[in-house]
Protein chains: 2
Amino acid sequence: MPNTSLDREVERRLSERAIRYTRGRHAVVAALAAADGPLSAAELHETVEGSLPLSSIYRSLTVLEEVGVLAQHNSAKGLTRFELAEWLKGHHHHLICVECGSVEDVLVAAQHESQVDRIVDEISRAASFTPANHALEIEGRCSRCS
Amino acid sequence: MPNTSLDREVERRLSERAIRYTRGRHAVVAALAAADGPLSAAELHETVEGSLPLSSIYRSLTVLEEVGVLAQHNSAKGLTRFELAEWLKGHHHHLICVECGSVEDVLVAAQHESQVDRIVDEISRAASFTPANHALEIEGRCSRCS
DNA sequence: TTACTAATGAGAACAGTTCTCATTATGAAG
DNA sequence: CTTCATAATGAGAACTGTTCTCATTAGTAA
């Protein structure tokens, strides 16, 4: 099992809670680290080499999400996709293709992000809402589909 | 069947495509117009008076969404919710409670919205993406759950 | 090792959604 | 006002993504 800096961070996070960083969980993390957008359980099932069973993938996703290593993303048609949490991969937003359904990550320039933060804070305050995080989802057509 | 200005707009949109504005479809539109956030098929099933069967609700949602009267919103746990499209209810964003899962609409001040538009355009251009619309989703705790 | 518990694999069970088909309602034509 | 053609509905079966169960395997501490 490889031992990148990502692996070390994930392992630390897991071991704090006495949860093991097993081969299956590592495979999921590695696949998501290599992807350029969130993946569903089924997509991981195809991507991961050595083919984990689906039930294990679901379990790994659940565990890794509870621990804060992964973040959920709810796509169209009731599909739940996962990606590395932002503390591992950096803050980003999503470009969602209405044609093919793909989701692509995009980084955001710092000065833009601070504007978004300010807007989020003002909206939340006005609604007595306590914001934890936010996502700017842009729908349209990706370069392949347009 | 009532005949509000909303109904007239919806009916026009449907009749352009030779689709009828039936009692069931009207009930769905009315329930969504009265709600203050997107609703799932099951939630509509409870809300609508006269209890439409679920299969009809799903069909109405599909039709109304294809025609552009409704917009989808993908919530956690594979739940798809619907609300009136923005041309009918105005541009808004969502406050999503991570505790109870509720979704609340919020209007956005014009000067904020133009900032968001500019950011969306710049991100999209950089990625050769053709934006159609966007959503700023704010996750956190609603006033009831915090 | 030994013993205890976490994690896995396979498949059953579940929930939300879509599909099928027989029936009913609607609108157009005569 | 009928008759006809077809759109829409209701009920439930079928489908699909996800979760659960349970027997087995792997990992860890003593």
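The legends below describe close-up views of a predicted model, taking the contacts with DNA strand C before the pairing of strands E4 and E6.

**View 1. Protein surface near DNA strand C.** Around DNA strand C there are 15 residues, of which Thr22(A), Arg25(A), Ser56(A), Arg59(A) and Tyr58(B) come nearest. By residue class, this surface divides into 4 nonpolar, 6 polar and 5 charged residues. Helix H4 (54-66) of chain A and helix H4 (54-66) of chain B each supply at least two of the residues of the surface.

**View 2. Polar contacts with the phosphates and a base of DNA strand C.** Among the atoms of DNA strand C that lie within 4 Å of the protein, 63% belong to sugar or phosphate, and the rest belong to bases. The side chain of Thr22(A) places an N or O atom 2.7 Å from a phosphate oxygen of the strand, while a polar backbone atom of Thr80(B) is 3.1 Å from a phosphate oxygen. On the base side, an N or O atom in the side chain of Arg20(B) is 3.4 Å from a base oxygen.

**View 3. Pairing of strand E6 between chains A and B.** Strand E6 of chain A, residues 130-141, and strand E6 of chain B, also residues 130-141, pair in the antiparallel sense over 11 bridges. In this view His134(A) can be followed to Ile138(B), the residue of E6(B) that stands opposite.

**View 4. Strands E4 and E6 of chain B.** Strand E4 of chain B, residues 92-97, is joined to E6(B) by 4 bridges, and the two strands run parallel. Cys97(B) has Gly140(B) as its bridge partner in E6(B).

Conventions:
Residues numbered from 1 in each chain as written. Chains lettered and ligands numbered in written order. Predicted model: local features only at pLDDT ≥ 70, side-chain atom pairs only at ≥ 80, totals over all residues. Heavy atoms only, no water. Near = heavy atom within 4 Å. Polar contact = N/O pair within 3.5 Å; in protein donor to acceptor, adjacent residues only side chain to side chain. Nonpolar A, V, L, I, M, F, W, Y, C, P; charged D, E, K, R; others polar. Pairing = 2+ DSSP bridges.
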